[in-house]
Every structure is written in structure tokens, then in C-alpha cells.
Amino acid sequence: MSYQTGPAPLPHSDRPLDYWLSPELSAITPAGARSRLREIAGARGAYMGAWAGGIGIGTILVLFGVLLAVRLGTFVPVPALGIPGVAIAVLCGLFYVRVRDRLPRASRALINRGPGNLWGALSFVGFILVVFVGLFAFMAGPSTWQDPTLLLTLAAVLAFIISLLVAAVIVPATIMGRARESLRRKAANDPQFRALLEQDLATWRDPYGNAGYGPL
């Protein structure tokens with residue numbers, strides 16, 4: 001009596017890493033096709049994007065504290081915003097370097113609710129800014145546009161919002177959108193990272209089916 005146990009995992013190690021990393025193979029493979037390399041690139045890009053966004057937000061807090069200190073004529077905002085900002089930027093920077101140089105746990109499900117590429121991020125940010133400016137223009141009275149102090153304050157608030165959107169939305173989305181190219185460059189230029197991929201290639205098997213190790 002024979003039992004059907006499903007398709008056997010493919011022997012991925014019979015292909016060298018350069019074969020799976022080649023842009024030519026990626027170009028002839030559907031963009032949505034699943035592979036181990038694409039899962040690694042996607043997870044790595046998501047983590048790097050998140051930590052890069054944190055670096056940007058921390059930096060913005062420091063700059064905002066300095067601007068408030070100049071505007072208000074007091075040094076209080078500098079440590080109040082600068083110390084948390086530096087702490088956030090340094091901590092996120094350490095994690096960014098960590099995830100950049102190691103293989104992520106691609107088997108862990110990552111849920112991303114934001115844009116996944118630069119064009120999507122620009123569209124999202126543009127929509128937010130249009131809504132914000134439109135609401136202000138609708139609610140502001142005629143005297144608002146004749147008050148230089150109020151207009152300067154509005155410009156500062158708008159600049160702060162744009163900076164936050166750039167750090168929290170555009171930067172992570174750009175990194176995620178270029179995750180595959182980033183992984184290819186990292187493997188080509190970093191021997192230690194390439195060694196991690198070589199080891200993973202030699203040991204990995206698809207636990208769910210017959211997905212290949214690549215393409216990227």
C-alpha cells in the first residue's frame with residue numbers, strides 16, 4: 001500500500017547563490033512569485049525601513065527642540081525634546097545596523113499597513129497635506145491671512161508635519177520598495193553577509209511546498 005505524502009522539497013543547493021541572485025532570472029520571473037530570497041529581502045526591507053523611520057523621527061525631535069528654543073527665547077525645549085530625540089535616533093540606528101547585516105526571520109509574518117514603495121508613499125503624503133491645508137483654509141477667517149505671526153506659525157507646523165511624514169512614511173516605503181536591489185548589492189559587497197546567504201542556501205527547504213530559494 002502506498003501513501004501520497006505531497007511533493008518532495010526541491011534540492012535548492014544544486015544551484016549556486018549567484019544564479020538565484022541574478023537580475024536576469026528575476027526579470028523573467030513574475031513579480032509576485034514566492035521565493036526564499038524574496039521573503040528575506042521583504043522582511044529585511046521592512047525592518048530596515050522601520051528603524052530608519054525611527055532615526056528620522058528622533059532627528060526631527062532634536063531639530064524641533066532647537067527651533068522652539070530660538071522661537072521662544074528659552075533653552076528649555078532643547079533638552080526636553082533633544083534628549084528623547086537623540087535616544088530614539090541612537091537606539092533605532094543600532095537596530096538598523098543590526099538588521100542590515102543579518103538575515104531576518106523571514107518565517108515570521110509581517111503586517112505592513114503603510115505604502116510599500118516611493119510612489120505610494122508620495123501619494124499618501126500628498127493626500128494628507130491636501131486634506132490638512134484644505135481644512136485650515138476652510139476654517140480660517142479672512143483676518144488669519146493678514147497676520148504674519150499666525151502665518152509663520154502655520155508654516156512651522158506644516159514644515160514639522162511634512163518632516164514627520166517624510167521620516168515615518170516616505171523613508172520606510174522607499175527602503176521597502178528597493179529591498180530586493182538592496183539585498184543584491186549587500187550580497188555582492190559584503191562577504192560576511194554573503195556567507196550567511198550561502199549557509200542559508202545550503203540548509204533551507206520550503207516547509208510548505210516547492211518554492212525555490214530564488215529568484216530575487
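These legends go with a set of close-up views of a predicted model.

**View 1. The whole chain, built from helices.**
Start with the overview: the protein chain has eight helices and zero strands. Walk along the sequence and the pattern reads α-α-α-α-α-α-α-α. Of the 216 residues in the protein chain, 34% are buried. Look at contacts between residues at least 6 apart in sequence, and 80% of them join residues at least 24 apart. On the outside, the chain exposes about 13300 Å², and carbon and sulfur atoms supply 68% of that area.

**View 2. Helix α4 and what its buried residues pack against.**
Here we zoom in on α4, which runs over residues 77–100 and so has 24 residues by the program's count. From its first C-alpha to its last, α4 reaches 33 Å, close to the 34 Å expected at 1.5 Å a residue. Which residues of α4 are buried? They are Pro77, Gly82, Gly85, Ala89, Cys92, Gly93 and Val99. These buried residues pack against α3, which covers residues 36–72.

**View 3. Pro79 in α4, with Val66 for reference.**
Pro79 also lies in helix α4. Is Pro79 buried or partly exposed? Its relative accessible area is 36%, so Pro79 is partly exposed. Val66 is 13 residues away along the chain, and the C-alpha atoms of Pro79 and Val66 are separated by 9.1 Å.

**View 4. Thr29 in the loop between α2 and α3.**
Thr29 sits in the loop that runs between α2 (23–27) and α3. Its side chain reaches back to the backbone oxygen of Leu25, at 2.7 Å. Set aside the neighbours within four places in sequence, and Thr29 is in contact with Arg38 and Pro215.

**View 5. Pro215 and its cis peptide bond.**
Follow the contact from Thr29 to Pro215 and you land in the segment after α8. The thing to look at here is the peptide bond from Gly214 to Pro215: it is cis, with omega near 10°. For background, most peptide bonds are trans.

**View 6. A salt-bridge network around Asp101.**
Searching the whole structure turns up seven salt bridges. Side chains of opposite charge can pair when their charged atoms come close. In this view, Arg100, Asp101, Lys186 and Asp190 are linked in a network of salt bridges. Arg100 and Asp101 form one of the bridges, with their closest N and O atoms 3.2 Å apart. Asp101 also bridges to Lys186, where the closest N and O atoms are 2.6 Å apart. That second pair ties together distant parts of the chain: Asp101 is in the loop between α4 and α5, Lys186 is in helix α7 (residues 179–189), and 85 residues separate them.

How covered are these partners? Arg100 has a relative accessible area of 29%, so it counts as partly exposed. Asp101 is partly exposed too, because its relative accessibility is 26%. Lys186, at 13% relative accessibility, counts as buried.

**View 7. A salt bridge within helix α8.**
Arg194 and Glu198 meet through their side chains in a salt bridge, 3.7 Å from N to O. Both residues lie in helix α8 (residues 191–203), and they are four residues apart, about one turn of the helix. Arg194 is partly exposed because its relative accessibility is 22%. Glu198 is partly exposed as well, with a relative accessible area of 33%.

**View 8. A nonpolar patch on the surface.**
Which residues make the nonpolar surface patch of about 620 Å²? Phe127, Val131, Leu135, Phe138 and Met139 do. Val131 is found in helix α5, which covers residues 118–139. With 35% relative accessibility, Val131 counts as partly exposed. That value fits its place in the patch, because patch residues need over 30% relative accessible area.

Notes
Residues are numbered from 1 along each chain as its sequence is written. This is a predicted model: local features need pLDDT of at least 70, side-chain atom pairs count only at pLDDT 80 or more; totals for chains, interfaces and linings use all residues. Side-chain values use heavy atoms; hydrogens and water are left out. Patches are made of residues with over 30% relative accessible area and no salt bridge: like charges are joined within 9 Å, nonpolar side chains (Val, Leu, Ile, Met, Phe, Trp, Tyr) within 5 Å. Accessible areas come from the Shrake-Rupley method with a 1.4 Å probe; for residues, only the protein chains shown count as cover. A salt bridge is a side-chain nitrogen of Lys or Arg within 4 Å of a carboxyl oxygen of Asp or Glu. Helices (H or I, at least four residues) and strands (E, at least two) are DSSP runs, numbered from the N terminus. Buried means under 20% relative accessible area, exposed over 50%, partly exposed in between (1.4 Å probe, protein chains only). The expected span of a helix is 1.5 Å times one less than its number of residues. Contact means heavy atoms within 4.5 Å. A polar contact is a pair of N or O atoms within 3.5 Å; within protein, one must be able to donate a hydrogen and the other to accept it, and residues adjacent in sequence count only if both atoms are side-chain atoms.
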